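Here is a friendly walk through a two-chain model, meant to be read with the structure open beside you. Have a look at it first, and then follow along below.

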Amino acid sequence: MEDLADLPDDALVARLQRGAFSYFTEFCDPVTGLVADTSRKDSPSSIAVVGFALSCYPIGVRNSWMTRADAARQTLKVLRFFAHSEQSADPDATGYKGLYYHFLDMHTGKRVWRCELSLIDSALLMAGILVSAVFFDGEGDEREIRDLANALYRRVEWHWAESGTKTVAQGWKPECSFLNYGWEGYNEATILYVLGLGSPTHPLAKRGFDSWRLTYQWEHLLGHDVLYSGPLFTHLFSHAWIEFRGIRDAFMREKSSDYFENTVRSIALHREYAVRNPLAFTGYCSDFWGVTAGDGPPYGQMREDGRDRRYFGYMSRGVPYGPDDGTISPWAMLATLPFTPEAALTGTRHLLRTYPQVCRSDRFASGFNPTLVKDGQGWLSEGWYGLDQGLLVMMIENHRSGFAWDLCRRSPYIRAGLARAGFTGGWLAP
Amino acid sequence: MTAKTDTQRAQAKEQLFEAHVRPEDWKNPAPREIYDLAILGAGPAGIAAAEYAARLGFSVALIERGRLGGTSLNVGSVPSKAVIRTANIYARMHDVEDFGAPVPEEPAVDFAMVLARMRAIRARIAEYHSARRFAARGVDLFYGEGRFDGSHGLVVAGAGVRFKKALIATGARPRPSNIPGLDKVGYRTSDSVFDMTTLPKRIAVIGGGPLGCELAQALRHLGPHVTIVQNDPKFLPREERDAAEILSRSLARCGVEIRLNTTVTGARMNGSAKVLETYNNEVEADLETDEVLLSIGRLPNVEGLGLEHAGIALDGDRGIAVDEHLRTSNSDIYAAGDVCMDLKFTNAARATALMAVENALAGGRGRHGDLVIPWCTYCDPEIAHVGMHIWDARAQNIPVKTFTVMMHDVDRAITDGQDHGFVKIHIEDGTDRILGGTIVASRASELINELSVIMGAGIGMAALARMVHTYPAQSEAIMLAARAYVESRNAARG
C-alpha cells in the first residue's frame with residue numbers, strides 16, 4: 001500500500017476528501033436517506049450529520065464522485081422523509097415546531113435515546129437543506145427539492161426556542177421542556193443565529209444575538225489576540241457554510257478583524273499551546289494539534305510518569321483552559337486547510353507518518369491519544385464519525401474551489417440572516 | 001491520656017473564645033444621654049464602624065444580640081479557612097509523590113483535632129476585637145436584642161439608647177430550606193457545619209456557590225464521600241465560565257461527585273439514611289447520604305429590628321434599602337455589610353462600614369459603587385475576582401480586551417507544582433485602563449489584592465508593566481499580563 005504521507009499535496013488532499021465523502025454513501029439508510037452518526041454498529045442517525053451529507057452531495061457531483069441525478073435522488077429522499085415525518089410533542093416524534101431531535105432511528109426516523117430537540121443540530125441540518133435548495137436549480141426532482149427545502153426551512157419556529165427569554169435555548173425535551181443551558185461565549189452557534197435571524201416566517205429576535213455577543217471574550221492569549229473559544233471545531237463549523245472573510249458584524253468591526261481571521265489566529269493559538277504542552281502529553285508539537293470535541297479514552301483516572309492523568313471519553317476538549325487529556329482529533333488539522341494551508345498540510349503529513357493508524361480507508365478516526373498506550377500503541381477511537389467526515393469534505397472543497405461558500409452566498413435566507421445580524425462589507429456589499 | 005489533654009485544651013480555648021465574644025459576667029453600661037453613633041450588630045461591619053468612629057472621637061454604642069464577630073468570626077470565614085487549610089494539607093499528603101517525596105501511609109484524619117485547631121485560631125483572632133478591648137477604647141457595648149423605637153432611638157435589654165446617627169449592621173444568615181421534607185430530615189448550613197463532632201461517611205452539599213464548593217472540597221479532603229448538587233449548569237454562577245469549569249474539574253479530581261443542572265425536589269428518611277430526591281432534565285434519582293449541607297445563599301437579618309418605627313424601608317431580598325451613600329430612607333440611619341449589600345463578604349462589610357461612618361459623622365460623600373471590592377472562593381485552586389466582568393463592560397458599551405497569562409507559564413507556579421489556572425486582566429480596549437480581573441491560582445486570594453490596589457490607585461497596564469516583582473513569584477503573572485499589553489500596543493503602533 002502506498003504511503004499516504006508521500007503523496008503530493010493535491011493528490012493527498014483529494015484522496016482524503018474522497019475517503020471522507022464515501023462515508024455518506026456507505027452509512028446511509030436506503031429508505032429514509034438518513035445518515036449514521038458513526039460507523040459503529042446500530043448507530044442512530046444524527047440530524048447534524050444529515051446536514052453535512054446534504055451539503056456534501058453537491059461536492060460529490062462537482063468532483064464526479066456521484067451523478068447529479070443520484071445526488072438529487074438521495075437529497076429528495078431525505079427531504080421527503082423530513083417533510084412527512086411526525087412533527088408533534090409526542091416523545092417518539094421526529095421533530096416539533098419544525099425543529100428535529102438530535103438522534104433518530106436510521107430506519108423509522110423516530111427519536112432515540114430520549115434525546116433533545118436540538119437547536120444547533122437542527123441549524124446544521126437546515127444549512128444542508130439550504131445548500132441543496134441552491135444547488136439543485138433544475139426542473140423535475142430538482143424543483144421538488146427546492147420546494148421542500150424552502151418549506152422545511154420556513155416552517156422552523158426559531159423564535160419558539162427563545163421561550164420568552166433573551167437567548168435561545170440549546171434544546172427542548174417533551175419530558176421537561178427547555179433545557180437549562182444557554183449559549184455563553186463565542187462558539188459554533190453563529191450558524192444557528194444566522195439561520196434563525198434569516199427566517200421570513202418565525203425569526204429569532206435580534207436581541208438574542210446581541211445578548212450572546214455580550215459574553216464574547218476578546219483575549220490576548222499565548223501571544224495572540226483572539227475571540228476565545230476553546231474547542232477547535234467551534235472555529236470551523238459555521239465556516240463550513242459561510243465564508244466570513246471580509247465580512248464583519250459590530251463586534252468584529254470594533255476589533256478590526258473578522259471571524260475568518262479569528263479562526264486563523266485560533267489555529268495559531270492551538271499550535272502554540274501544543275508547543276508549550278504544559279501537561280506534558282506525548283506527541284504534542286507544532287505539527288500535532290487539534291484539541292476539540294470528539295471521542296477519547298473512556299473516563300478514568302490513573303497515574304502515569306508521575307503525573308495525575310484523567311481521561312474524559314467523548315468530550316468537548318479545548319485549549320488553553322482545558323479540558324485536555326492528550327487526545328487530539330486527527331481530522332482537525334486538515335479541516336483547517338482554508339485558513340492555514342501550510343500548517344494543515346505539514347501537520348497532517350507529520351501525523352500520517354508518525355501515527356499512520358489514525359487513518360484507515362482514507363478516513364480519519366475521531367480521536368487519538370498517544371499518551372495512553374496499550375499494546376504498544378496510543379489509544380485510537382473505533383470507526384468514524386459522520387460530523388468529522390462532513391466537515392473535512394466541505395473544508396477541503398472550500399480550500400480547493402470555495403464551492404460550498406459560493407452556494408451559501410446564493411441563499412437569500414443566509415444573506416438575510418447575516419444582514420440582520422449586522423454583517424456588512426466584503427462579499428455582502430451591494 | 002493525650003486525647004484527654006486535647007479535649008481539655010479544646011475546652012479551654014472555647015471558654016477563652018466565649019470570654020472574648022460574649023463574657024458571661026458582662027454588664028451592659030448605663031446608656032449616655034445620646035450617642036453620636038449607635039450601631040446595631042457587632043459583626044465585621046459593626047466592629048469596624050465602632051472602632052473607626054471611636055478613633056475619630058465620637059461616642060459609640062455597639063449593640064449585639066449574640067457574640068461579637070458575626071458570621072465571619074463565629075461560623076464563617078475564620079473557622080472555614082482554618083479547616084480548609086487542614087484539609088489542603090491532608091490533600092497534599094496524597095500528592096507528595098509529585099514533589100519527589102515518598103507517599104506516606106494513609107494519614108488518619110482526627111476531626112476532633114481539626115476542630116480544636118480551628119477553635120484555637122478563632123479564640124486568638126477574637127481577642128483583637130474582644131468585649132473588654134471595646135470597653136477599653138470607650139465603646140459602650142450592649143448585649144441584647146436591639147430594636148428601634150423611633151427615628152432616633154433604640155431599645156436594648158430594657159434600656160433606651162438615643163442617637164444622632166445610627167448604623168444597621170445586622171448581617172445575614174443562611175437561606176433556609178424550601179425543599180419539601182428537608183426540615184424533617186434535618187440539615188446543616190455553613191452556620192452549623194462545624195458543630196459536627198465526627199465526620200459522617202457521606203455528605204451531600206446542596207448549592208454550588210462559593211461556600212458550597214469550598215466546603216464540598218474541604219470535607220472531601222478530610223475523608224467523607226461528598227456529592228455536590230447544583231441546580232445551575234455550572235458552579236459559581238457569578239464567575240466566568242472558564243474559572244467555573246476549572247473548579248469543576250478540580251472538584252472531580254479530588255473525588256467530589258458532581259451533579260450539575262440538578263434540582264433537589266424533596267427529602268425523606270430511609271432507615272437511618274437521608275435521601276435527597278433529585279431531578280435532572282427528565283431523570284429522577286435518589287441520593288442517599290448521612291448528612292446534608294445546605295448552601296443556597298444568604299438572607300439579610302432585618303426581622304425584629306423595629307424598622308417601621310424608624311421609617312426604614314426594605315429592598316426585597318437584598319435587605320435594607322440604601323442609597324449610593326449607604327443612607328437608608330431615614331436620613332440619619334445608615335446600613336452596611338450583608339444586611340444591605342449584594343456582595344455579602346467580610347471585606348465588603350468592613351469597607352462599607354467605614355464609608356458609612358465617614359458619610360454619617362465626618363461629612364463624607366463616599367459612594368459604595370466606587371469601592372473596589374475583590375472576592376475569592378477558597379477552593380483549590382482559589383478563584384478570585386475584582387471589578388467588572390466582561391459582560392458588565394460590554395453591557396455598558398465599553399470595548400473590552402483581556403490579557404491572560406496561564407499559570408503554567410509562570411515559573412513559581414511550576415516550581416510549586418501549582419500551575420493550574422490563569423490571571424486575566426480586563427482592560428478598556430484602546431486604553432490601558434484596567435476594568436477588572438479574574439485569577440484562578442493556588443494563591444488567588446493574595447494575588448487579587450495587587451490587582452485591586454492597582455485599580456484603586458488608577459494605575460494602568462503600561463505603568464504596571466514597569467513594576468519590578470520578586471522572582472520567582474506567582475504574582476509575576478500579573479506583571480506578565482501587563483507586559484503582554486505593552487508588547488501588543490507597541491506591535492500595533494509598528
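## Strands, helices and the meeting of two chains

In chain A, 3 strands build an open sheet in the order β5-β6-β7, and their pairing is antiparallel. Strands pair here if DSSP finds at least two bridges between them. Strands (E, at least two residues) and helices (H or I, at least four) are DSSP runs, numbered from the N terminus. The edges are held by β5 (117–118) and β7 (177–178) of chain A, each with a single partner strand, so one side of each has no neighbour in the sheet. β5(A) pairs with β6 (residues 171–173) of chain A in the antiparallel sense, over 2 bridges. If you want a spot to zoom in on, W172(A) in β6(A) is the bridge partner of L117(A).

A word on what you are viewing: this is a predicted model, in which local features need pLDDT of at least 70 and side-chain atom pairs count only at pLDDT 80 or more, while totals for chains, interfaces and linings use all residues. Residues are numbered from 1 along each chain as its sequence is written, and chains are lettered from A and ligands numbered from 1 in the order in which they are written.

Now for the overall build of the two chains. The radius of gyration is taken over C-alpha atoms, and the globule rule is 2.2 Å times the number of residues to the power 0.38. With 430 residues, chain A would be expected near 22 Å as a compact globule, and its 21 Å agrees. Chain B has 494 residues, for which the rule gives a value near 23 Å, and its 24 Å agrees as well. The table sets out the make-up and the approximate C-alpha extent along the principal axes.

| Chain | Helices and strands | Extent |
|---|---|---|
| Chain A | 15 helices, 17 strands | about 55 × 50 × 45 Å |
| Chain B | 16 helices, 21 strands | roughly 70 × 65 × 50 Å |

Next, a helix pair in chain A. Helix α1 (residues 9–26) and helix α13 (residues 386–400) of chain A pack at about 140°, with their axes 8 Å apart; axes are lines fitted to C-alpha atoms over the stretch in contact, and angles run from 0 to 180 degrees between N-to-C directions. α1(A) and α13(A) are therefore oblique to each other, since angles under 35 degrees count as roughly parallel, over 145 as roughly antiparallel, 65 to 115 as roughly perpendicular and the rest as oblique. Among the residues that meet are F21(A) in α1(A) and L392(A) in α13(A), where contact requires C-beta atoms, placed from the backbone, within 7 Å.

Chain B offers a helix pair too. The axes of α2 (residues 44–55) and α11 (residues 346–361) of chain B come within 8 Å and cross at roughly 40°. That makes α2(B) oblique to α11(B). The contact includes Y52(B) of α2(B) and L354(B) of α11(B).

Finally, how do the chains meet? In all, 25 residues of chain A are in contact with 27 residues of chain B. On the chain A side, β8 (218–221) and β12 (307–311) each supply at least two residues, and β8(A) gives the most, with 4 residues. β8(A) also pairs with strand β19 (residues 400–406) of chain B in the parallel sense, over 2 bridges. There, E219(A) stands opposite T402(B) in β19(B).

Key
Contact = placed C-beta atoms within 7 Å.
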